[in-house]
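Here are some notes for a colleague who is opening this structure for the first time. Please read them with the sequence and the model side by side.

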Amino acid sequence: MSSSNQQQFRYTQTPSKVLHFRNLPWECTDDELIDICSPFGKVVNTKCNVGANRNQAFVEFADLNQAISMVSYYASSSEPAQVRGKTVYIQYSNRHEIVNNKGPGDIPGNVLLVTIEGVEAGDVSIDVIHLVFSAFGFVHKIATFEKTAGFQALIQFTDAETASSARNALDGRSIPRYLLPEHVGSCNLRISYSAHRDLNIKFQSNRSRDYTNPMLPVNQTAIDGALQPVIGPDGKKKEPESNVLLATIENMQYAVTVDVLHTVFSAFGTVQKIAIFEKNGQTQALVQYPDVTTGAAAREALEGHCIYDGGYCKLHLTYSRHTDLNVKAFSDKSRDYTVLDPSLHATQVSLWQNTQTTPMYPGLQGQMPSWDPNQQEFTQSCLSAPGTLPPGQAVPPFPGYLPPATGSPLTQSNHIDHNASSMGITQPGVPGALPHAHMPPGIQPYYG
DNA sequence: AGCACA
C-alpha cells in the first residue's frame with residue numbers, strides 16, 4: 001500500500017470552487033486559464049500572475065461541482081493539464097472565493113503608467129523608453145515626470161491589447177544595461193495601467209513626445225542632451241533630420257549585405273526598409289526607420305564607426321530626403337521588413353513569454369537574460385573609437401538582436417552563450433535575422 | 001511545483 005505524497009496531499013484538501021494553479025508559464029493570461037477551465041464549468045473569476053514568479057493563478061468556478069470535476073478529471077487523466085505545453089498542477093485552493101483587489105492600475109487601457117526604479121533612473125532617456133516599448137506596437141505618445149514614486153512615464157499605445165502585451169512582457173523586468181548611461185543603476189520597470197486615454201503633449205521635449213504629430217513645436221531648451229543640436233559643434237549646419245539614413249560605406253573589404261545592415265541598424269529601433277546600391281563606384285545604402293528620432297539616434301551613434309573590426313566597412317551617415325523607400329520586399333539588395341509574415345509576431349511573443357522571470361543574472365539555471373552583460377562591453381569595444389579600432393577579428397559590432405518589429409532589443413535567447421559574435425538569435429524563417437551570427441570573419445573579401 | 005494585501 002504505497003501512495004505518493006501528492007495523493008495524500010490531494011486527499012487531505014477540502015474541495016473548493018476556487019482552484020489553485022502552479023507551474024504556469026510566465027505571465028499566463030486569464031484567457032489561457034479560462035480556455036482550460038471552461039470545459040468543466042463556468043469560470044466566474046480569475047487571478048493570474050500570482051506569486052513571486054508570477055506563475056501561479058486562481059480560478060473560481062460558479063459551482064463547487066465544476067471545480068471538483070476538473071480536479072478529478074486531471075487526477076485520473078494520463079494527459080496532465082497544460083498551458084502552452086507546460087504541465088500545470090491544479091489543486092483546490094484553501095480559500096473559497098477569489099478576492100480581487102483590482103486597483104485602478106489593474107484596469108486595462110491603452111496608456112501604461114511605467115515606474116522606472118533605480119539609481120538615477122531619471123536619466124534614462126525618453127528615446128530609450130521609446131525604443132523599449134516600441135517593440136510591442138506603435139507608441140503614440142510618451143510623457144515622463146518625477147513623482148514621489150520615482151521616475152515615471154506614461155506611454156500611450158493604440159489600444160489596450162498592445163498596452164497589455166507590453167505590460168505582460170516588461171513588468172518586473174529591467175532595461176538592458178547597454179541602453180543605459182554609465183552612471184545609471186539597474187532600472188526595474190513597474191507597469192500598471194493609467195486611466196488616461198489620450199495624453200496631451202504640448203511640446204516635443206526631453207520629457208515628452210508625440211510621435212503622431214511631427215508638426216508639434218519643439219521645445220528646444222527642454223531638449224537638452226537628448227536630441228542632437230541642429231548646429232554641429234564646429235558650427236556647420238546639418239541637413240534636416242530624417243527617418244531615412246543614407247549610409248556610405250568606406251573601405252568595404254567585406255561584403256555588406258542587407259542582413260548585416262539590418263543587424264547593425266536594428267540596435268536603435270525598427271528597421272523598416274533597406275536598399276543597397278552603387279553610386280560613383282561606392283556602395284551606399286538607405287535605411288528607413290519609422291521615425292526621425294530613431295534615425296537621429298542611429299546616425300549619431302553609428303557615424304564614423306566601422307561594421308567590422310580593423311577599420312573595415314566604415315559608415316558615413318547623412319539624412320536622406322526620402323521618407324518612405326519604395327523597394328522590393330525581398331532581393332539581395334533591398335528588403336522591406338514591414339511586409340513580413342504575420343506568424344512572426346506570434347513566434348516572437350512566445351519567445352518573450354516562455355522565458356524566465358528573473359530580470360537579471362538568473363545564474364546557472366540555464367536561462368539567460370536578454371542582455372548579456374558582455375554585450376555592453378562588446379558594443380563599446382567596437383564602437384568607442386571610430387576609425388581607430390585595433391586590428392583583430394572581423395565580427396559584427398552588434399549583438400544580433402532582432403528589431404522591434406519582431407522583438408525588442410530585450411529579446412531573449414534561451415541558451416547561455418558568452419561568445420558575443422554568436423549572440424544572434426536564430427529565428428527560422430526570419431529574413432534578415434540570421435546569417436551574421438556565423439559570418440566567417442574576414443573570409444569574404446568584397447570584389448565589387 | 002506548493003496559496004493571493006502590495
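**Notes on salt bridges and the sheet**

1. In this predicted model, Arg84 and Glu32 join their side chains in a salt bridge, with 2.5 Å from N to O. Arg84 sits in the loop between strand 4 (82-83) and strand 5 (86-87) while Glu32 belongs to helix 2, so the pair ties together parts that are 52 residues apart in sequence. Glu32 is buried at a relative accessible area of 17%, whereas Arg84, at 29%, counts as partly exposed.

2. Helix 2 (residues 30-37), for its part, lies across strand 1, strand 2 and strand 3 (56-61), and runs at about 130° to strand 2.

3. These strands lead to an open sheet, in which 4 strands follow the order 2-3-1-6 with antiparallel pairing. Strand 2 (43-50) and strand 6 (89-92) stand at its edges with a single partner strand each, so one side of each is left without a neighbour in the sheet. Strand 1 (residues 18-22) pairs with strand 6 over 4 bridges, and His20 has Gln91 as its bridge partner there.

4. A further salt bridge joins Arg54 and Asp171, whose closest N and O atoms are 2.6 Å apart. Because Arg54 lies in the loop between strand 2 and strand 3, and Asp171 in the loop between helix 5 (160-170) and strand 10 (188-193), the pair ties together parts that are 117 residues apart in sequence. Asp171 counts as buried at 5% relative accessibility, and a network of salt bridges links Arg54, Arg167 and Asp171.

Methods: Residues are numbered from 1 along each chain as its sequence is written. Chains are lettered from A and ligands numbered from 1 in the order in which they are written. This is a predicted model: local features need pLDDT of at least 70, side-chain atom pairs count only at pLDDT 80 or more; totals for chains, interfaces and linings use all residues. Side-chain values use heavy atoms; hydrogens and water are left out. Two strands pair if DSSP finds at least two bridges between them. Helices (H or I, at least four residues) and strands (E, at least two) are DSSP runs, numbered from the N terminus. Contact means heavy atoms within 4.5 Å. Axes are lines fitted to C-alpha atoms, for helices over the stretch in contact, and angles run from 0 to 180 degrees between N-to-C directions. A salt bridge is a side-chain nitrogen of Lys or Arg within 4 Å of a carboxyl oxygen of Asp or Glu. Buried means under 20% relative accessible area, exposed over 50%, partly exposed in between (1.4 Å probe, protein chains only).
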